[in-house]
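User: Hey, I've just opened this one and I'm new to it. Can you walk me through it?
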Amino acid sequence: MLFNYDVIIIGGGHAGCEAATAAARMGAKTCLITMDMNKIAQMSCNPAVGGIAKGQIVRELDALGGEMGRVTDATTIQFRMLNRGKGPAVWSPRAQCDREKFIGKWRETLDGIDGLDIWQDQVEELLVEPFGHENGDGCRGTAVGVRTVWGVEFRAKSIVVTAGTFLNGLLHVGRRMVPGGRMAEPAVTRFTESITRWGIRSDRMKTGTPVRIDRRSVDFSLLEEQPGENDFHQFSYMKKNAVESAGIDTRTLPQLSCWLLNTNAHVHEILRTGLDDSPLYNGQIQSIGPRYCPSIETKLVTFPDRDQHPLFLEPEGIDTNEMYLNGFSSSMPIDIQLEALRQIPALRDVKIYRPGYAIEYDFFDPTQLYHSMESKVLSGLFFAGQVNGTTGYEEAAGQGLMAGVNAALHSQSTTHTPHSTLHTSQFTLARDEAYIGVLIDDLVTKGVDEPYRMFTSRAEYRILLRQDDADARLTERSYELGLALRERYDWWLEKKENIEKIVHFCENTPVKPRDINSALENLGTTPLQFGCKIADLIARPQLSIAKLAEVIPELKTAILSPKNRREEIAEAAEIKIKYKGYIEREKLVAEKMHRLENIRIKDRFKYAELHEISTEARQKLERINPETLAQASRIPGVSPSDINVLLVLLGR
């Protein structure tokens with residue numbers, strides 16, 4: 001049996017769902033192939049979305065027309081804005097979600113997209129038409145389709161691989177090893193080999209997940225409660241806020257608390273007795289896991305003097321007793337995990353649904369990709385998500401959307417042509433445009449030696465990449481591309497107009513000392529000696545637009561004038577005013593870097609023959625063949641002096 005499509009997506013995880021959504025909305029006839037239609041967008045680990053830098057990615061997805069933000073808002077059971085004690089550059093939304101409702105909402109979303117089909121099956125072979133020889137770009141052929149384990153063939157102009165942890169996946173609990181992509185789900189065999197035979201490099205990575213606990217066996221009286229927030233903040237820019245003054249609950253589902261607890265010396269003593277049987281330390285697992293999310297046994301070995309480690313007990317949904325023990329990822333033997341947990345007073349009678357486990361899986365070297373997520377080795381083949389060496393739902397979804405868009409653009413070409421003619425029909429994001437741009441540039445430029453996770457510290461233009469202004473950065477570009485719908489574009493224009501009105505009012509409305517000084521003293525800030533504009537007061541760290549609105553009636557009228565999303569608009573206007581100097585300065589720095597971005601060097605040098613640069617630089621530049629001088633400057637091992645040599649050779 002043979003089916004023909006424009007775009008085929010392999011894998012129904014977070015990358016696959018966003019890729020399929022984007023490709024179909026771009027007008028491509030799209031098919032999403034997944035092993036289990038009932039586990040679309042499964043939250044394999046923590047049922048939470050967002051967090052430090054990850055929340056910014058979800059906001060960017062929403063601004064671009066993606067769906068993760070909307071699905072999250074519809075299934076949130078606890079919301080928090082992290083880092084509120086710091087500047088807005090690092091404010092990050094995070095939501096605990098109902099796991100089953102998250103899957104259901106994503107399935108409902110996919111079922112409602114025209115031009116998108118879903119096929120339940122397992123892909124085992126990539127179909128390729130070889131060129132017979134490498135072209136000038138090192139491309140060896142064109143990916144033209146896939147074959148499944150049931151012998152069904154799918155042909156397409158673009159293939160997107162988003163297989164997550166399923167490629168030759170191997171589960172570990174103590175000394176026991178079972179092939180699988182997730183607990184109780186089969187691994188995908190042979191597919192990796194059908195890709196690597198064409199010269200695409202693969203390697204192995206490891207990740208893990210904690211034990212799942214029955215809430216009925218927990219003594220909550222011994223735990224510290226951590227409630228969520230119920231203000232106007234959310235992930236999607238498209239969801240109308242309730243009228244703030246009415247005090248109406250803005251969340252769709254009932255909100256649940258998380259709970260704080262700690263390990264102790266008795267827990268650690270039990271865990272140490274199982275280290276000899278831990279696959280991380282007995283030689284079973286050779287691949288590298290994430291440093292920033294270590295297993296509990298790794299914490300014991302790395303921090304031997306610590307007598308406790310924090311844990312977070314988090315709900316899995318409103319209709320289940322299952323809870324997630326954040327911070328207790330482990331692949332120790334089952335009896336060791338259970339006995340150790342029972343040394344925690346609140347868990348002395350604990351019952352578990354399943355133990356924690358580790359998983360090893362195949363990934364592909366992302367330096368063999370273009371910024372469009374297309375392979376440099378096989379035309380028409382795109383990769384997104386954990387198969388690129390990343391970790392996290394949000395990182396996967398960001399890659400998925402970009403791969404889906406570019407796969408759709410590629411499919412619109414009437415014939416398969418060499419890569420060099422396709423660069424003009426790619427959609428990419430720069431490092432000063434989006435965290436998604438930082439993520440992809442890091443992957444294709446630097447590669448990975450451990451599962452890649454996004455942090456705010458990875459972005460050099462953090463003040464430009466705030467969670468509040470993703471729509472300002474991306475929605476108009478997405479609408480011009482054809483991804484964001486007209487409704488979303490109009491929604492942004494309305495918000496933009498209202499922000500500009502408030503900023504203009506504050507920058508042009510004067511206040512006099514006699515009218516404001518008593519109020520300023522009550523607010524704990526220095527009185528005025530001379531008159532100033534409202535914007536000058538907002539710039540003070542002790543003051544906010546909301547506080548000043550209570551004492552300046554005209555300002556209160558201005559911030560209440562928008563019909564929708566008043567608090568969101570007021571916050572965005574305040575940030576633009578308060579951090580204006582920082583924002584403008586960072587824009588200047590970004591503009592300087594763009595000069596190097598505009599100097600294209602791909603295929604202009606034979607790096608192996610350039611003895612004026614270091615040996616490491618020659619090797620790295622030869623392997624990656626960067627598009628621009630700026631990309632070359634970000635490759636580890638390429639020094640500023642190497643860049644200066646290239647500039648001289650270019651005659652610049």
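Analyst: Sure. One term to start with: a residue is buried under 20% relative accessible area, exposed over 50%, and partly exposed in between. Also keep in mind that this is a predicted model.

User: Okay, so where does K446 fall, buried or exposed or in between?
Analyst: K446 is partly exposed, because its relative accessible area is 40%.

User: And where is K446 in the chain?
Analyst: K446 is in helix 10, which covers residues 435–446.

User: What does K446 touch, apart from its neighbours within four places in sequence?
Analyst: K446 is in contact with T367, D441, R634 and P636.

User: How far is K446 from G208 in space?
Analyst: Their C-alpha atoms are separated by 24 Å, and the two residues are 238 apart along the chain.

User: Let's zoom out. How many helices and strands does the protein chain have?
Analyst: There are 21 helices and 22 strands in the protein chain.

User: What's the radius of gyration, and what would a compact globule have?
Analyst: The protein chain has 26 Å, and a compact globule with 652 residues would have a value near 26 Å, so the two agree. As for the box that the C-alpha atoms fill, that is roughly 80 × 70 × 50 Å along the principal axes.

User: How much of the chain is buried?
Analyst: Buried residues account for 58% of the 652. The accessible surface comes to about 26,700 Å², with 50% of that belonging to carbon and sulfur atoms.

User: What about contacts between residues at least 6 apart in sequence, how many join residues at least 24 apart?
Analyst: That share is 74% in the protein chain. For one pair of residues that are well separated in sequence, take E497 and P562: they are 65 residues apart in sequence, and their C-alpha atoms are 9.5 Å apart in space. E497 is in helix 12, residues 486–508, and is partly exposed at 45% relative accessible area.

User: Switching topic: how many disulfides are there?
Analyst: The structure holds 0 disulfides.

User: Why doesn't C31 bond with C17?
Analyst: The sulfur of C17 is the closest cysteine sulfur to that of C31, but it is 13 Å away, so it is too far for a bond. C31 is also buried, with a relative accessible area of 1%.

User: And what's the closest cysteine sulfur to C97?
Analyst: That one is in C258, 11 Å away, which is too far for a bond. C97 counts as buried, at 0% relative accessibility.

User: Now the end of the chain. Which residues of helix 21 are buried?
Analyst: In helix 21, residues 640–649, the buried ones are D642, I643, V645, L646 and L647. Their cover includes helix 19 (615–624) and helix 20 (629–633). Just after helix 21, G651 takes a positive phi of about 80 degrees.

User: What about phi in residues other than glycine?
Analyst: Most residues other than glycine have a negative phi. R565 has a positive value, near 55 degrees, and D603 has one near 65 degrees.

User: Where are R565 and D603?
Analyst: R565 is in the loop between helix 16 (553–560) and helix 17 (566–578). D603 is in the loop between helix 18 (580–597) and helix 19.

User: Is R565 buried or exposed, and what about D603?
Analyst: R565 counts as buried at 2% relative accessibility, whereas D603 counts as partly exposed at 45%.

Note on methods
Residues numbered from 1 in each chain as written. Predicted model: local features only at pLDDT ≥ 70, side-chain atom pairs only at ≥ 80, totals over all residues. Heavy atoms only, no water. Helix = DSSP H or I, 4+ residues; strand = E, 2+ residues; numbered from the N terminus. Rg over C-alpha atoms; globule rule 2.2 N^0.38 Å. Buried < 20%, exposed > 50% of the residue type's maximum accessible area, 1.4 Å probe, protein only. Contact = heavy atoms within 4.5 Å. Areas by Shrake-Rupley, 256 points an atom, 1.4 Å probe, with all protein chains shown as cover. Disulfide = S-S within 2.5 Å.
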